[in-house]
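Let's take a walk through this protein, starting with the overall picture and then zooming in. Have the model open and turn it as we go.

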Amino acid sequence: MANPNVQEIIENQVLTVAKAVEDKIDEEIAALDRLDLDDIEVLRERRLQQMKKMAEKRSRWISLGHSEYTEIPSEKDFFSAVKASDRVVCHFYRDNWPCKVMDKHMGILAKQHIETRFVKINAEKSPFLAEKLKILVLPTLALIKNAKVDDYVVGFDELGGTDEFNTEDLEERLAKAQVIFFEGESSLNSSKSSAQTRRSVRQSESHDSSDSD
């Protein structure tokens with residue numbers, strides 16, 4: 001049986017917490033009560049302006065090719081793409097199984113994260129870029145912010161070392177690099193796509209997780 005003094009202390013702590021929560025709620029209710037119609041109209045107008053700016057951003061992103069995972073046809077087009085968008089994830093690939101696995105995840109994330117442009121470029125047909133950016137292992141993702149390569153995801157080592165990683169694993173890695181964002185104005189379909197995010201891309205046969213270029 002608990003010591004009466006200990007029991008009393010616990011009860012007092014619970015009451016203190018409950019009182020603090022109640023006071024906080026009372027403060028928020030009082031703040032709402034103090035709002036007059038003019039204040040409410042100002043808040044409404046501010047929210048409308050935020051929604052308008054978000055809609056304008058989304059329209060601009062879509063016009064630049066965001067929301068779709070596309071291939072960059074040439075090295076020249078690569079530079080145009082990274083200058084046009086603040087955040088770009090570029091998959092340097094060759095025609096092999098590991099790169100096809102990465103393609104599937106990139107296609108899913110492109111639709112979920114409209115704030116970032118997702119593209120790929122054939123490393124074997126882009127020798128200048130591959131050398132300049134020191135692309136040695138395929139697949140490699142170049143994570144580009146404000147027209148500068150800020151980070152890399154090389155092969156599958158950071159994604160569990162296997163091609164059976166989840167889209168969510170890659171999403172978390174890209175979010176850590178701040179080249180995508182999870183919530184707020186950035187995510188177009190975050191709630192709608194949560195189940196899809198966790199979908200595994202399973203290999204149909206045994207292959208290496210990465211391939212030297």
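Of the contacts in the protein with a separation of 6 or more, what percentage comes from residues 24 or more positions apart? The figure is 75%. Keep in mind that what you're looking at is a predicted model.

Now for the parts list. There are seven helices and seven strands, and if you read along the sequence they come in the pattern α-α-β-α-β-α-β-α-β-β-β-α-α-β. The protein has 213 residues, and 35% of them count as buried. On the outside, about 13300 Å² is exposed, with carbon and sulfur atoms supplying 51% of that area.

A good place to zoom in is strand S3, which covers residues 117–122. This strand is mostly covered, with six of its six residues buried. Look at how the side chains are dealt out: Arg-117, Val-119 and Ile-121 point one way, Phe-118, Lys-120 and Asn-122 point the other way, and all are buried. So which residues count as buried here? Those with under 20% relative accessible area, and that goes for both faces of S3.

Next, the neighbours. Strand S1, residues 69–71, runs parallel to S3 and is joined to it by three bridges. If you want a landmark for that pairing, find Tyr-69, which stands opposite Phe-118 in S3. Strand S2, residues 87–93, also pairs with S3 in the parallel sense, this time over six bridges. Here the landmark is His-91, whose bridge partner in S3 is Lys-120. To get from S2 to S3, the chain passes through helix H4, residues 97–112, and this β-α-β crossover is right-handed.

While you're on helix H4, pick out Pro-98, which sits in it. Is Pro-98 buried or exposed? With a relative accessible area of 6%, Pro-98 is buried, because the cut-off for that label is under 20%. Leu-138 lies 40 residues away from Pro-98 along the chain, yet their C-alpha atoms are separated by 7.8 Å.

Last stop: empty space. Rolling a probe the size of a water molecule over the atoms shows where such space is left. In this structure, one cavity of 30 Å³ or more turns up, and the largest cavity holds about 30 Å³ of space. Its lining includes Arg-60, Trp-61, Leu-64 and His-66, along with Ala-84, Ser-85 and Asp-86. Arg-87 and Glu-115 are also among the residues that line the largest cavity.

Technical notes:
Residues are numbered from 1 along each chain as its sequence is written. This is a predicted model: local features need pLDDT of at least 70, side-chain atom pairs count only at pLDDT 80 or more; totals for chains, interfaces and linings use all residues. Side-chain values use heavy atoms; hydrogens and water are left out. Buried means under 20% relative accessible area, exposed over 50%, partly exposed in between (1.4 Å probe, protein chains only). Helices (H or I, at least four residues) and strands (E, at least two) are DSSP runs, numbered from the N terminus. Two strands pair if DSSP finds at least two bridges between them. A crossover is right-handed if, with the strands pointing away from the viewer, the path from the first strand over the helix to the second runs clockwise. Contact means heavy atoms within 4.5 Å. Accessible areas come from the Shrake-Rupley method with a 1.4 Å probe; for residues, only the protein chains shown count as cover. On a 1 Å grid over the protein atoms alone, a cavity is a set of points where a 1.4 Å probe fits but cannot get out, and a pocket is an open set with protein on both sides within 12 Å along at least five of seven lines; lining residues have an atom within 4 Å of a point. Grid points are joined across faces, edges and corners, and a volume is the space filled by probe spheres set on the points.
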